[in-house]
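These notebook entries record what I looked up in the structure. I took loop residues and helix packing in turn.

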Amino acid sequence: MDVQKNSYTFIYSTIIVVIVATLLTIAAVSLQPAQEKNVEVEKKQNILASLHIPSTPKNAEELYSRYITGTKVVNEAGEIVSGVDAFTLNMREDLKLPRNKRHLAIYEARKGDSAFIVIPLYGKGLWGPIWGYISFLRDTSVGNDQPEFNTVYGAVFDHKGETPGLGAEINQPWFQKPFMGKKIFNDKGQFVSIEVVKGGGTQNEPNKVDAISGGTITSKGLQAMLDTCLSVYQNYFKQPK
Amino acid sequence: MASRYLKLLTKPLNDENPITVQVLGICSALAVTVQLKPAIVMALSVTIVTGFSNLIIASIRNTIPPRIRIIVQLVVIATLVILVDQVLKAYMYDVSKKLSVFVGLIITNCILMGRLEAFAMANKPWDSFIDGIGNGIGYGMILIILGFFRELLGSGTLFGYRVIPESLYAAGYINNGLMILPPMALITVGVIIWIQRSINRKLIEK
């Protein structure tokens, strides 16, 4: 056969493409369930980590069903929205909606005698998306004008491709640990979010944590993410339970 | 017979090492060697892809239309790389996250195209397969050496386990943060080339 002929070249490339396409389709379809499972398990591990519950990919499912008592989705006014699953909610798409149309996911958890809620976060770092989970301890002893969910219990953050050693440090314990005990409302019950600033706050400023030297844009992005993602929950936090 | 195969397999380890002699595939060598585990997985992935792409191309080398041969080579490489990527995502998720884009970038790794053009297009399938495996190991070997030193000196760990004792840190030792960054990886490659040439004198240019 003449391998130089045009017709041969066309037929050859067509056959190659069909074979390759079939192979890849089979691989993609047969491996998809395992891949989706990995993503789901990782998410559960992150949620557990924000509650200071260490987990491995093996026991994450079991621990998740033990500690997470329920999920719900509310709107900005704090009303329950039905028909949307908190776990599979696509935050990236949802953040594009106007504030009053957004779906706000809440994970309710119980550890010992204390009740917690976990809130998912999603925002922009320097090179790509950053995300995380932040948990709040429920304090039922507060006065009527104060929100029950105010004190941060734990926070985990992760990123797609921040600079190693600088912005990428947001997924390290030294950065995440100081979030514990911070308050997102001030004494007057006004929402103040958490600021990521150089040096962190003093004793009298319980809403500031230390930023990363050299990771300014990532730190700022993280602060903006906390503000956008938490401020919409204000009404839910404040309403009497 | 056997010695010929052995030669094909061992030549890329020293005299024709893809990284230290031919200086190919440097980009990924710098990027994935911060820790030992991703370096090993990357080494294995590249070895699998070079071996099998060489085997496939050598088996069909007489049927490939010369005018589209580079495209056919790329299609074969890309298919194998996507398969490796999908398998890693399904069964080694944490490693696949660390390697992120670099698995995809195996496609553009010069070692692959180089071996296909220079060797597989003109040799028998079995020889080509051995050549591919040899080159993969030659590349992987350097990656593992790099990963070992960068993780040990940069993070004080190996495979994520702490190996430098606490007492040393208490005595004032600190991890060298520069080792984590790519420039130091390039310098380490330089040091490896230096050591290799001081042992293997025939590599020194006149």
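Where is the place of A:Ser193 in chain A? I found A:Ser193 in the loop between helix H4 (173-176) and strand E6 (195-197) of chain A. I note at the outset that the model is predicted.

Entry on backbone angles. I looked up phi of A:Ser193 and found it near 55°, a positive value in a residue other than glycine. I then counted the surroundings of A:Ser193: 18 other C-beta atoms lie within 10 Å, so A:Ser193 is partly exposed. I also recorded A:His52, whose phi is near 60°, again a positive value in a residue other than glycine. A:His52 sits in the loop between H1 and helix H2 (60-67) of chain A. With 14 other C-beta atoms within 10 Å, A:His52 is partly exposed.

Entry on A:Lys43. I placed A:Lys43 in helix H1 of chain A. Its 17 C-beta neighbours inside 10 Å make A:Lys43 partly exposed, since a residue counts as buried at 20 or more and as exposed at 12 or fewer. I looked up A:Tyr133 as well: A:Lys43 and A:Tyr133 are 90 residues apart along the chain, and their C-alpha atoms are separated by 9.4 Å.

Entry on the contact between chains. I found that 20 residues from chain B and 19 residues from chain A take part in the contact. On the side of chain B that touches chain A, H4(B) gives the most, with 10 residues. I sorted that side of chain B by class and obtained 14 nonpolar, four polar and two charged residues.

Entry on H1(A) and H4(B). How do these two helices pack? Helix H1 (residues 6-50) of chain A and helix H4 (residues 69-91) of chain B pack at an angle of about 10°, with their axes 9 Å apart. I therefore class H1(A) as roughly parallel to H4(B), because angles under 35 degrees count as such. From H1(A), I listed contact residues including A:Ile16, A:Val20, A:Leu23, A:Leu24, A:Ala27 and A:Leu31. From H4(B), the contact residues include B:Val72, B:Val75, B:Thr79, B:Ile82, B:Leu83 and B:Gln86. I divided the residues of this contact into 15 nonpolar, three polar and one charged. As background, I noted that an α-helix has 3.6 residues a turn, so residues three or four places apart point the same way.

Entry on H3(B) and H4(B). Helix H3 (residues 36-59) of chain B packs with H4(B) at an angle of about 145°, and the axes are 10 Å apart. I recorded the crossing of H3(B) and H4(B) as right-handed. In H3(B), B:Ser45, B:Ile48, B:Val49, B:Phe52, B:Ser53, B:Ile56 and B:Ile57 meet B:Gln73, B:Val76, B:Ile77, B:Leu80, B:Val81 and B:Val84 of H4(B). I counted 10 nonpolar, three polar and no charged residues in this contact.

Entry on H3(B) alone. Is H3(B) largely enclosed or largely open? I found 18 of its 24 residues buried, so H3(B) is largely enclosed by the rest of the structure. I also checked its length: at 1.5 Å a residue, the 24 residues of H3(B) should span 34 Å, and the end C-alpha atoms are 35 Å apart, which agrees.

Entry on B:Ala170. I located B:Ala170 in helix H9 (residues 166-170) of chain B. B:Ala170 is exposed, because 8 other C-beta atoms lie within 10 Å. B:Ala170 and B:Ile82 are 88 residues apart in sequence, and I recorded 46 Å between their C-alpha atoms.

Notes: Residues numbered from 1 in each chain as written. Chains lettered and ligands numbered in written order. Predicted model: local features only at pLDDT ≥ 70, side-chain atom pairs only at ≥ 80, totals over all residues. Axes fitted to C-alpha atoms, helices over the stretch in contact; angles between N-to-C directions. Helix = DSSP H or I, 4+ residues; strand = E, 2+ residues; numbered from the N terminus. Parallel < 35°, antiparallel > 145°, perpendicular 65-115°, else oblique. Contact = placed C-beta atoms within 7 Å. Nonpolar A, V, L, I, M, F, W, Y, C, P; charged D, E, K, R; others polar. Left-handed = near helix turned anticlockwise from the far one by under 90°. Expected span 1.5 Å × (residues − 1).
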